[in-house]
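Hi,

Here is the structure I promised to pass on to you. Have a look through it first, and then read on for my notes.

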Amino acid sequence: QVQLVESGGGLVQPGGSLRLSCAASGFTLDYYAIGWFRQAPGKEREGVSCISSSDGSTYYADSVKGRFTISTDNAKNTVYLQMNSLKPEDTVVYYCAAEWAELDGPDYVQAMCVMAYFGSWGQGTQVTVSS
């Protein structure tokens, strides 16, 4: 049974950093695509960053490019989202998601980094950026 558990959220001041973790169980990350999404109240869940575990291709939303970094540790079966230079508008619930990836490469990762592609989701972790 596929299970994803996020951790690492919390309260941080503007300009600060957090590292979110997504521990996967029931499957191995190899040949899976992993995504980090976020959802503000009343809004659609948006793709923040996605990665192909097979070739390491990544995608970042424009709003986080240069500030967030996604990475995987296949030995630990864990995906990370390093978030730097956090802004108040980054305050939302963050979710990780996983799905079998038939392809890889940056174009594919960008195209599949949408909510409808992913079938397995974690429970979410709250990130609050406030002084």
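Below is what turned up when I went through the strands, the cores, the rings and the salt bridges. Please keep in mind that this is a predicted model.

**The four-stranded sheet**

Let me start with an open sheet of four strands, which pair antiparallel in the order E1-E3-E8-E7. Strand E1, covering residues 3-7, and strand E7, covering 68-73, stand at the edges; each has a single partner strand, so one side of each is left without a neighbour in the sheet. From one strand to the next, the twist averages 15°.

At the E7 edge, the partner is strand E8 (residues 78-83), and six bridges join the two antiparallel strands. If you want a place to look at this pairing, find Thr72, which stands opposite Val79 in E8. As general background, the strands of a sheet pair through backbone hydrogen bonds, in either a parallel or an antiparallel way.

Strand E3 (18-25) leads into a loop that runs to strand E4 (32-39), and Gly26 lies in that loop. With a relative accessible area of 57%, Gly26 is exposed. Gly26 and Gln3 are 23 residues apart in sequence, and their C-alpha atoms are 6.2 Å apart in space.

**The nonpolar cores**

Which residues have the most contacts inside the largest nonpolar core? They are Trp36, Phe68, Leu81, Met83 and Tyr94, in a core of 28 residues. Two or more residues of this core come from each of E3, E4, strand E5 (46-52), E7, E8, strand E9 (92-100) and strand E11 (125-129). Another core, of nine residues, lies apart from it and has Ala33, Cys50, Ala97 and Val109 among its members.

**Aromatic rings**

The structure holds eight aromatic pairs. In one of them, Tyr108 and Tyr117 have ring centres 6.2 Å apart and planes at 85°, so this pair is edge-to-face. Tyr117 is partly exposed, at a relative accessible area of 22%. Phe118 and Trp121 also form an edge-to-face pair, because their planes are at 70°, with the ring centres 6.3 Å apart. Phe118 is buried, with a relative accessible area of 5%, whereas Trp121 is partly exposed at 25%.

These four residues belong to a cluster: ring pairs link Phe37, Tyr108, Tyr117, Phe118 and Trp121.

Trp121 has a charged companion too, as Arg45 lies over the face of its ring, at 4.8 Å from the ring centre. Elsewhere, Arg19 lies over the face of Tyr80, at 4.1 Å from the ring centre.

**Salt bridges**

How many salt bridges does the structure hold? There are four, and Asp90 is a good residue to start from.

Arg38 forms a salt bridge with Asp90, the closest N and O atoms being 2.9 Å apart. Arg38 lies in strand E4 and Asp90 in the loop between E8 and E9, so the pair ties together parts that are 52 residues apart in sequence. Are the two partners buried or exposed? Arg38 is buried, with a relative accessible area of 7%, and Asp90 is buried as well, at 0%.

Asp90 also forms a salt bridge with Arg67, and here the closest N and O atoms are 2.8 Å apart. Since Arg67 sits in the loop between strand E6 (58-60) and E7, while Asp90 is in the loop between E8 and E9, this pair ties together parts 23 residues apart in sequence. Arg67 counts as buried, at 10% relative accessibility. Through shared partners, salt bridges join Arg38, Glu46, Arg67 and Asp90 into one network.

There is also a salt bridge between the side chains of Lys65 and Asp62, at 3.1 Å from N to O. Asp62 counts as exposed, with 66% relative accessibility.

If you open the model, you could begin with Asp90 and its two partners Arg38 and Arg67, and then turn to the ring cluster that includes Phe37 and Trp121.

Happy browsing, and best wishes!

Key: Residues numbered from 1 in each chain as written. Predicted model: local features only at pLDDT ≥ 70, side-chain atom pairs only at ≥ 80, totals over all residues. Heavy atoms only, no water. Pairing = 2+ DSSP bridges. Axes fitted to C-alpha atoms, helices over the stretch in contact; angles between N-to-C directions. Buried < 20%, exposed > 50% of the residue type's maximum accessible area, 1.4 Å probe, protein only. Phe/Tyr/Trp six-rings, centres within 6.5 Å; stacked < 30°, edge-to-face > 60°. Lys NZ or Arg CZ within 6 Å of the ring centre and 35° of its normal. Core = buried A, V, L, I, M, F, W, Y, C linked by side-chain atoms within 4.5 Å.
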